[in-house]
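Here are some short exercises to work through with a protein model on your screen. Try each task yourself before you read its solution.

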Amino acid sequence: MGERLRKLLSVKSIITLALTGVFSYLSVTGMVSASEFMTVFTVIITFYFSTQAGRAGADE
């Protein structure tokens, strides 16, 4: 459990979660359109998971 918490609190994870929160807020308040939100969110999530996959592949 401690290892999972440490990984969750890595800088990359914090940035990913913060950006997700910010863009969710902007989308709900109408400052960002749904299509713009989906574009940015897709880029963020793709980057996050591609770096996670790269790290997992390096550990093997």
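## Exercises with worked solutions

**Exercise 1. Describe the overall fold of the protein chain.**

Start with the order of the elements: read along the sequence, the chain shows the pattern α-α-α. Next, count them: there are three helices and zero strands. Keep in mind that this is a predicted model.

**Exercise 2. Find out how confident the predictor is, and where.**

First take the whole chain: its mean pLDDT is 77, and 80% of its residues reach 70 or more. Then go element by element: helix 1 has the lowest mean pLDDT, 72, while helix 2 has the highest, 82. Here is a habit worth learning: where pLDDT is low, predicted coordinates should not be read in detail.

**Exercise 3. Work out how much of the chain is buried and what its surface is made of.**

Of the 60 residues in the protein chain, 15% are buried. Now turn to the outside: the accessible surface is about 4700 Å², and carbon and sulfur atoms account for 71% of that surface.

**Exercise 4. Check the length of helix 2 against the expected span.**

Helix 2 has 18 residues, and at 1.5 Å a residue these should span 26 Å. Now compare this with the model: the end C-alpha atoms of helix 2 are 26 Å apart, so the two values agree.

**Exercise 5. Decide how the buried residues of helix 2 are arranged.**

List them to begin with: K12, S13, T16, T20 and F23 are the buried residues of helix 2. Look down the helix axis next: these buried residues fall within an arc of 105 degrees, so they line one face of the helix. Finally, look at the face turned away from the buried side, which carries the exposed residues V11, L17 and Y25.

**Exercise 6. Is K12 buried or exposed? Which distance separates K12 and T51 in space?**

Locate K12 in helix 2. Its relative accessibility is 17%, and because buried means under 20%, K12 counts as buried. K12 and T51 are 39 residues apart in sequence, and their C-alpha atoms are 9.5 Å apart in space.

**Exercise 7. Repeat the reasoning for E36.**

E36 sits in helix 3, which covers residues 34–59. With 45% relative accessibility, E36 counts as partly exposed. E36 and F23 are 13 residues apart along the chain, and 9.3 Å separates their C-alpha atoms.

**Exercise 8. Place L9 and name the surface patch it belongs to.**

L9 is found in the loop between helix 1 (2–8) and helix 2 (11–28). At 51% relative accessibility, L9 counts as exposed, because the cut-off for exposed is over 50%. Together, L5, L9 and I14 make a nonpolar surface patch of about 290 Å².

**Exercise 9. What phi does G30 take?**

Go to the spot just after helix 2: there, G30 takes a positive phi of about 90 degrees.

Methods: Residues are numbered from 1 along each chain as its sequence is written. This is a predicted model: local features need pLDDT of at least 70, side-chain atom pairs count only at pLDDT 80 or more; totals for chains, interfaces and linings use all residues. Side-chain values use heavy atoms; hydrogens and water are left out. Patches are made of residues with over 30% relative accessible area and no salt bridge: like charges are joined within 9 Å, nonpolar side chains (Val, Leu, Ile, Met, Phe, Trp, Tyr) within 5 Å. Accessible areas come from the Shrake-Rupley method with a 1.4 Å probe; for residues, only the protein chains shown count as cover. A salt bridge is a side-chain nitrogen of Lys or Arg within 4 Å of a carboxyl oxygen of Asp or Glu. Helices (H or I, at least four residues) and strands (E, at least two) are DSSP runs, numbered from the N terminus. Buried means under 20% relative accessible area, exposed over 50%, partly exposed in between (1.4 Å probe, protein chains only). pLDDT is the predictor's confidence in each residue, from 0 to 100. The expected span of a helix is 1.5 Å times one less than its number of residues. The arc is that of the directions from the helix axis to the C-beta atoms.
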